[in-house]
Amino acid sequence: MHSLHIVWDPIKYLDLGFFKLHFYSVMWIVAFVLGFYIMKRIYRNENQSDESLDSLFIYSVIGIMLGARLGHVIFYQSELITEDFFSIFLPFKFKGGIEFTGFQGLASHGAAIAMIISMYLYNKKILKKTVLWILDRVVIPVALGAVFVRIGNFINSEIIGKYTNSDFGVVFKQLGESEPRHPAQLYEAFCYVFVFLILFYFYWKTKKAEQQGFLFGFFLVLLWTIRFFVEYVKVSQGGIEEYFGNTLSTGQLLSIPFILIGLYFMFMYKPKTQLS
């Protein structure tokens, strides 16, 4: 019998002497660059200017990164507010000595909330259509970006799965373990590829992009349903679940409102005015 598990012990960064290039950060860069080119194609299809696309990129990067970081602190690591406040906003750890860490601890729920807020501000100041118009389109590259973020988590041996109690799985050697776990990060990354392909198909091959809020809602339902079920094989990161009897994980509790909002926009939402 051949063992079905692999031992995962990657190099997390390249030490350039004056700077450490973390592969996790590279995955975020890849996500934003690919997202930019996908939105460029969409914007050209919608006859939008390159200037508005450049502004969209800036709003997206700042909003998503800030929201992801604040989301992690609020939902999972609130002690940083009092113990190491500046590490929340800077890629350094200050407690116990200054150390460059990169931006570690980013929550997808916080990123999702910040994306909605940043797109509202972007639409109000730059685009001047409706916030749902931009959300229906920006979720397409966001879904693809989520794939690379989860690959980055896998490289970092973080957001790990539970023990499989079998020969199947991944042994995260850098965590000092010898038993295989579920590669939960890869489960999510694999599923998110299909979320991207489905949204991409619906935008280009159907008229659903003309139904305000549908693609945005579809994205919320698909992505957070996947997140909800993958949480069953993930190790709990703690957070607010203890206040709800630990019946569901924090990730599951935070996913439920997004799924409900998504269903609303898919099947119940009626825009007051329909832009041509």
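**Exercise 1. Work out what share of the residues in this predicted model is buried, and how much surface is left exposed.**

Solution.
- Start with burial: 47% of the 276 residues of the protein count as buried. The cut-off here is under 20% relative accessible area.
- Now turn to the outside, where the protein exposes about 14,800 Å².
- Carbon and sulfur atoms supply 66% of that exposed area.
- For the charges, count 24 positive and 20 negative side chains, with the centres of the two sets 10 Å apart.

**Exercise 2. Describe the fold pattern and decide how compact the protein is.**

Solution.
- Tally the elements: the secondary structure comes to 8 helices and 6 strands.
- Walk along the sequence and you get β-β-β-α-α-α-β-β-α-α-β-α-α-α.
- Next, compactness. The radius of gyration is 20 Å, close to the 19 Å that the globule rule gives for 276 residues, so the protein is as compact as a globular protein of that length.
- For the outline, the C-alpha atoms fill a box of roughly 60 × 45 × 40 Å along the principal axes.
- Finally, look at how the chain meets itself: among contacts between residues at least 6 apart in sequence, 66% join residues at least 24 apart.

**Exercise 3. Find the largest nonpolar core and say which helix gives the most to it.**

Solution.
- Keep the background in mind: in soluble globular proteins, nonpolar side chains tend to be buried together.
- In this model, the largest nonpolar core has 58 residues.
- Y43, I134 and L199 have the most contacts inside this core.
- Helices that each supply at least two residues of the core are α1 (23-45), α2 (50-75), α4 (108-127), α5, α6, α7 (214-230) and α8 (250-267).
- The helix you're after is α5, which gives the most, with 14 residues.
- Zoom in on I134. Setting aside neighbours within four places in sequence, I134 is in contact with M39, Y43, L56, M119, Y122 and L127.

**Exercise 4. Take E188: is this residue buried or exposed, and what does E188 touch?**

Solution.
- Locate E188 in helix α6, which covers residues 184-205.
- Check the accessibility: E188 has a relative accessible area of 0%, so E188 is buried.
- List the partners. Beyond neighbours within four places in sequence, E188 is in contact with R150, R227, V230 and K234.

**Exercise 5. Tour the loop between α5 and β6 by way of S157, I159 and T164.**

Solution.
- Begin at S157, which sits in the loop between α5 and β6. S157 is not a glycine, yet its phi is positive, about 55°.
- With 6% relative accessibility, S157 counts as buried.
- Move on to I159 in the loop between α5 and β6. I159 isn't a glycine either, and its phi is positive at about 50°.
- I159 has a relative accessible area of 17%. The cut-off for buried is under 20%, so I159 is buried.
- Then comes T164, in the loop between α5 (131-155) and β6 (169-172). Its relative accessible area is 14%, so T164 is buried too.
- What does T164 touch? Leaving out neighbours within four places in sequence, T164 is in contact with G169, P180, R181 and H182.
- One last distance: T164 and P183 are 19 residues apart in sequence, and their C-alpha atoms are 9.6 Å apart in space.

Terms used: Residues numbered from 1 in each chain as written. Predicted model: local features only at pLDDT ≥ 70, side-chain atom pairs only at ≥ 80, totals over all residues. Heavy atoms only, no water. Helix = DSSP H or I, 4+ residues; strand = E, 2+ residues; numbered from the N terminus. Buried < 20%, exposed > 50% of the residue type's maximum accessible area, 1.4 Å probe, protein only. Contact = heavy atoms within 4.5 Å. Rg over C-alpha atoms; globule rule 2.2 N^0.38 Å. Areas by Shrake-Rupley, 256 points an atom, 1.4 Å probe, with all protein chains shown as cover. Lys, Arg positive; Asp, Glu negative; His and termini not counted. Charge placed at Lys NZ, Arg CZ, Asp CG, Glu CD. Core = buried A, V, L, I, M, F, W, Y, C linked by side-chain atoms within 4.5 Å.
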